[in-house]
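These are my notebook entries on one structure, set down in the order in which I looked things up. I worked from local pairings outward to the chains and their contact.

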Amino acid sequence: MAASEKGIGKIIFSSSLGTLIEWYDFYIFGMLAKTISVQFFPAGNSTAALLSTLAIFAAGFLVRPFGALVFGRLGDLVGRKYTFLLTLVLMGGSTFLIGLVPGYKSIGIAAPLLVLLLRLIQGLALGGEYGGAATYVAEHAPAHRRGYFTAWIQTTATLGLFVALGIILLIKTNMSDAAFTAEWGGWRYPFWISILLVGVSIYIRLKMSESPLYAALKKEGTTSVNPIKESFGHKANFKMVLLALFGAVMGQGVIWYTSQFYAQSFLENVVKLEFMQNREILLWAIGLATPFFLFFGWLSDKIGRKWIMLTGMLLGVIFYRPIFGEMLKDANAKEWATQHDKKKELSLERSAVKSDTSFNLKTGLLIINHKDEDWEFDGNKFNEKKSDTLMPAEGVTMFAPISVMIDSTQFFVKEVTDVKPVYSNIQLNNSLKWKFIFLVWVMIIFVTMAYGPIAAFLVELFPTKIRYTSMSLPYHIGNGVFGGLVPFIATLLATTFTTDPLVGLWYPIGVAALCFVIGALYLTNKKDKDVND
Amino acid sequence: MGLVWILLAPVIIFFLVKSAVHNISSGGTKDINQPVPWIIIITIFTPIAIGLMIFGWYAFKGEYDKLPESSEELN
């Protein structure tokens, strides 16, 4: 049943291209979330805020698993080819239409409602795409190379992120911020580009034939009548769905999300790296790590899937905190500023000292906000913002007039509290930048280990007639729910335990550790040579 | 170990509900202060936690000691 070497190349290309485009479509919404929220979900409007929350949470958590069920069922009933063609059309169409919806300023509440609806269709389509593509390739692949061939599908999620990052950066660097964020500005281009990509992919996919294993079942009349009931209603199969979720996909989902998305958000919001450099680091790390999906897929054909996936999870458990901690320690603008006091004339330069100050009265105190200052130390650039709080002297109840107060602080002010300076827009020097690329690359290697062989593993776990349904649901719960919850739980932990900036990592570490234990105890390392049944 | 997985499920739901009650606040601006994400998360996590209990029960009964080697064993 396996396709020829040339034939499998075409199958992989056409399946992977469509899946890559679906991931691209799904990511650009998240990456442009800030601009999108300004255009469609304005602050201060409670209905728009509610719709925004639904767009973020419902699309990933509720609709993706639901899409897995709907399209999984369809794929097992009518075939793989037409189902994942349909998901591609839905995804491409909804992405393109998001780019055409006028802003809130033009059509009011209809704008966020339309965007929410289209985002939900995106989630639904994504839920149906992956299982189809992985199944389709696996059912064409020879048994001894199934891991390697399906690993091409596994590269698409990361490459989709790469393409989305690249296209947004390209557009952003070629226009002003105002032109990019305008109502009909550059932020819409990535959505419009999608229709071209999808058009090409649909053309290619239309030329594909049905999976040979599924076609054989169809010919024999032995396809499933009710795949959802067979997948989850039959104890023997449901048992395997649970094992796939808790022993493999749950851990893989958090590793995948933490290494790629949480790393990016951590570098931007905690380390305070400058926007463009943050993206550049991620692009390099992804580009250099992507071939390892294929390597670990290939290796899984030789030594089995189980221990490669579990090792990726274990490495995440062991090394996440040291790696994130190292990045936080290295980009230490506070330390650089302290060094300045020690060696003023050496390399630290105050490049743009602005002496203006602004004032505001807050809770009865006068707060002086010094204007931002840009600094450079050993080739590292950063911005420092300081503010002083003036405490009133006894008997002084008001700080007015301010000008008098500033000129005569000794009469009116009891003490001046120098508030902790805030550092931002950190641009690392070349050697530190490459160190960060290496650290992010290492974390993406964990992803390639956990994620590279998993398509082959899932395909081998379930029989042909209910494969699409059975593997899609645990995959999207593992990735969409467990992985997608990383930022939410990280915020929850950071709010509860305020002293540890790395506390958010305990969630992915905990889930990956639990998954490692379950996987080590119950999974088998045996490869299923025959997926024809 | 099956019992551990069975007990873990209600513990997870308890902590989710407890965290929701603790963090939902009308004055907060973060996602964790809004009721909608919590409703979605608890709604989706409850069946997952029940799944973990069922998984624990199967594990406790030794049903994963020997995994099926062909699809016929799944039918």
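**Entry 1: a strand pairing**

Which residue in β5(A) is the bridge partner of A:Glu376? I looked this up in what is a predicted model, and found the partner to be A:Lys381.

I then read the pairing as a whole. Strand β4 (residues 373–377) of chain A and strand β5 (residues 380–385) of chain A run antiparallel and are joined by 5 bridges. I noted a further pair here, with A:Glu373 standing opposite A:Glu384 in β5(A).

I looked next at the other partner of this strand. β5(A) is joined by 4 bridges to strand β8 (residues 422–427) of chain A, again in an antiparallel arrangement. A:Glu384 has A:Tyr423 as its bridge partner in β8(A). A:Glu384 thus appears twice in my notes, opposite A:Glu373 and paired with A:Tyr423.

I also recorded the two faces of β5(A). A:Asn380, A:Phe382 and A:Glu384 make up the covered face, whereas A:Lys381, A:Asn383 and A:Lys385 lie on the uncovered one. The bridge partner of A:Glu376, A:Lys381, is on the uncovered face.

**Entry 2: positive phi values**

I turned to the connection between the two strands. β4(A) and β5(A) form a hairpin with 2 residues between them. A:Asp378 is located in the loop between β4 and β5 of chain A. Its phi is near 50 degrees, which is positive although the residue is not glycine. I flagged this because most residues other than glycine have a negative phi.

Is A:Asp378 buried or exposed? I counted neither term as exact: A:Asp378 is partly exposed, because it has 13 C-beta neighbours inside 10 Å.

I noted A:Asn425 for its backbone as well. This residue, also not a glycine, has a positive phi near 50 degrees. A:Asn425 is placed in strand β8 of chain A. I entered A:Asn425 as partly exposed, since 16 other C-beta atoms lie within 10 Å.

**Entry 3: a helix pair in chain A**

For helix packing I kept to two quantities, because two packed helices are described by the angle between their axes and the distance between the axes.

I examined helix α4 (residues 80–98) of chain A against helix α9 (residues 189–206) of chain A; their axes come within 8 Å and cross at roughly 165 degrees. I therefore listed α4(A) as roughly antiparallel to α9(A). The crossing of α4(A) past α9(A) is left-handed.

I then listed the residues that meet. From α4(A) they include A:Leu85, A:Leu88, A:Val89 and A:Phe96; from α9(A) they include A:Phe191, A:Trp192, A:Ile195 and A:Val198. The residues of this contact divide into 10 nonpolar, 4 polar and 1 charged.

**Entry 4: a tryptophan**

I located A:Trp506 in helix α23 of chain A. A:Trp506 counts as partly exposed because it has 17 C-beta neighbours inside 10 Å. I also checked its separation from A:Val317: the C-alpha atoms are 9.0 Å apart, while the two residues are 189 apart along the chain.

**Entry 5: the helices of chain B**

I recorded 2 helices and 0 strands for chain B. Helix α1 (residues 2–23) of chain B and helix α2 (residues 35–60) of chain B pack with their axes 6 Å apart, at an angle of about 165 degrees. I accordingly entered α1(B) as roughly antiparallel to α2(B). Their crossing is left-handed. The contact of α1(B) with α2(B) has 22 nonpolar residues, 3 polar and no charged.

**Entry 6: the chains and their contact**

I noted 23 helices and 8 strands in chain A. Of its 533 residues, 50% count as buried. For chain B, with 75 residues, the figure is 20%. Among contacts between residues at least 6 apart in sequence, 82% in chain A join residues at least 24 apart; in chain B, 72% do.

How many residues does the contact take from each chain? I read 27 residues from chain A and 28 residues from chain B. On chain A, the helices that each supply at least two residues to the side touching chain B are α3 (46–78), α12 (235–269), α21 (467–483), α22 (486–496) and α23 (506–522). α12(A) gives the most to that side, with 8 residues. I closed the entry with its composition: 20 nonpolar, 5 polar and 2 charged residues on the side of chain A that touches chain B.

Conventions
Residues are numbered from 1 along each chain as its sequence is written. Chains are lettered from A and ligands numbered from 1 in the order in which they are written. This is a predicted model: local features need pLDDT of at least 70, side-chain atom pairs count only at pLDDT 80 or more; totals for chains, interfaces and linings use all residues. A residue is buried if 20 or more other C-beta atoms lie within 10 Å of its own, exposed if 12 or fewer, and partly exposed in between; C-beta atoms are placed from the backbone. Two residues are in contact if their C-beta atoms, placed from the backbone, lie within 7 Å. Ala, Val, Leu, Ile, Met, Phe, Trp, Tyr, Cys and Pro count as nonpolar, Asp, Glu, Lys and Arg as charged, and the others, Gly among them, as polar. Axes are lines fitted to C-alpha atoms, for helices over the stretch in contact, and angles run from 0 to 180 degrees between N-to-C directions. Angles under 35 degrees count as roughly parallel, over 145 as roughly antiparallel, 65 to 115 as roughly perpendicular and the rest as oblique. A crossing is left-handed if the near helix is turned anticlockwise from the far one by less than a right angle, and right-handed if clockwise. Two strands pair if DSSP finds at least two bridges between them.
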